[in-house]
Amino acid sequence: MLENPRLRLGVVLWLAGMVGIVVLSVTVLPQLLEKAPRTVPLGAAIAASVLQSGVLLALAVWVGVALSRSLGLGAPAIEAALSGTGVWTVIKRQLIPATVVGLFGGGLLVLLTRITPAELLALGQTIEIPVAAKLLYGGATEEILMRWGLMTVLLWLPWRFVQNRAGLPHNAYVFGAILVAALLFGVGHLPAAAAMGASLTAPVVGYIIVGNTVPGILFGFLYWRYGLESAILAHAISHAVASLAAVA
């Protein structure tokens, strides 16, 4: 049925991202709705959230599938698995850099907990984000949205209209796409924080943007040099390290 390898890649990525969306929706959304007047049944609210997020995820997946290969980007481990060749060779190349970045990112998250604004600390005591949601949504879904989708299109635009598709994108465009995607990754966490009840004061905004932009830059570098899976693995390891440190 799915003979086109790019289509199969897209389906796998969409399904992987949807797991995170479903887990986040069924674990965190009910906690948020408890704090607000409910105008629709909880089940309908969760279904609407999953549907809306699923459509956005599908768009990001399509962008990456359509544009990544011409830019020298990809998801080599998944593509190798789908073709049945060389999976371990690809994974071996990704493991060390992903682990190094993941440990650094986890250490950064632990360090940031020591300077977390008091308002966010109080908020964290009222809303619990399960480890599964952090690993599956943060690790996989966010990387598919922000790197596979957003970073790819940010790189494609100057490559297509300035570089005129001549060869692979210049490093300046790559670095620009990595940085802008990471900044937008940080800014994108602000609406979620506001929805959880946080006041977007200067310390809160700065903390959220810096705390997400720095890891985002590293995840973008991994995506560029080693493939999407390395960014997913590093992001998941970061959350795992921070979660383990929190209960230690």
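Is S53 buried, exposed or partly exposed, and what is its relative accessible area? In this predicted model, S53 is partly exposed, because its relative accessible area of 25% falls between the limits of 20% and 50% that separate buried from exposed residues. The residue is found in helix α3, and its C-alpha atom is separated by 9.7 Å from that of G17, a residue 36 positions away along the chain. G17 itself belongs to the buried residues of helix α1, and α3, which comprises residues 42-67, is among the elements that cover the buried residues of α1.

The setting for these residues is a protein chain with 11 helices and zero strands, so that, read from the N terminus, the order of elements is α-α-α-α-α-α-α-α-α-α-α. For a chain of 248 residues, a compact globule would be expected to have a radius of gyration near 18 Å, and the 18 Å found for the protein chain agrees with that expectation. The C-alpha trace spans about 50 × 40 × 40 Å along its principal axes, and 43% of the 248 residues count as buried. When contacts with a separation of 6 or more are considered, 80% of them join residues that are 24 or more positions apart. The protein chain exposes about 12,500 Å², of which 72% is supplied by carbon and sulfur atoms. With regard to charge, there are 13 positive and 8 negative charges, and their mean positions lie 9 Å apart.

Helix α1, formed by residues 5-27, has 23 residues and reaches 34 Å from its first C-alpha to its last, close to the 33 Å expected at 1.5 Å a residue. Its buried residues are R6, L9, G10, L13, G17, M18, G20, I21, V23 and S25. The cover over these positions includes α2 (29-34), α3 (42-67) and α4 (76-83), and also α7 (131-161) and α11 (228-247) from farther along the chain.

Two buried residues in other helices illustrate how positions separated in sequence come together in the model. G106, which lies in helix α5 (residues 87-113), is buried, as its relative accessible area is 0%. Its C-alpha atom is 9.2 Å from that of A236, although the two residues are 130 residues apart in sequence. Once neighbours within four places in sequence are left aside, G106 is in contact with S238, V241 and A242, and these three residues fall within the range 228-247 given for α11.

L155, in helix α7, is likewise buried, with a relative accessible area of 1%. Leaving aside neighbours within four places in sequence, L155 is in contact with L71 and L73, which precede it in the chain, and with P169, Y173, V174 and A177, which follow it. The C-alpha atoms of L155 and F175, which are 20 residues apart along the chain, are separated by 8.9 Å. F175 falls within the range 171-187 given for α8.

The backbone of the loop that joins α7 to α8 was examined next. Most residues other than glycine have a negative phi. Against that background, N164 has a phi near 60°, a positive value in a residue other than glycine, and R165 likewise has a positive phi of about 60° although it is not a glycine. N164 is found in the loop between α7 and α8, and R165 has its place in the loop between α7 and α8 as well. N164 is exposed, because its relative accessible area of 56% is over the 50% limit. The residues considered here thus include the buried G106 and L155, the partly exposed S53 and the exposed N164.

Notes. Residues numbered from 1 in each chain as written. Predicted model: local features only at pLDDT ≥ 70, side-chain atom pairs only at ≥ 80, totals over all residues. Heavy atoms only, no water. Helix = DSSP H or I, 4+ residues; strand = E, 2+ residues; numbered from the N terminus. Rg over C-alpha atoms; globule rule 2.2 N^0.38 Å. Buried < 20%, exposed > 50% of the residue type's maximum accessible area, 1.4 Å probe, protein only. Contact = heavy atoms within 4.5 Å. Areas by Shrake-Rupley, 256 points an atom, 1.4 Å probe, with all protein chains shown as cover. Lys, Arg positive; Asp, Glu negative; His and termini not counted. Charge placed at Lys NZ, Arg CZ, Asp CG, Glu CD. Expected span 1.5 Å × (residues − 1).
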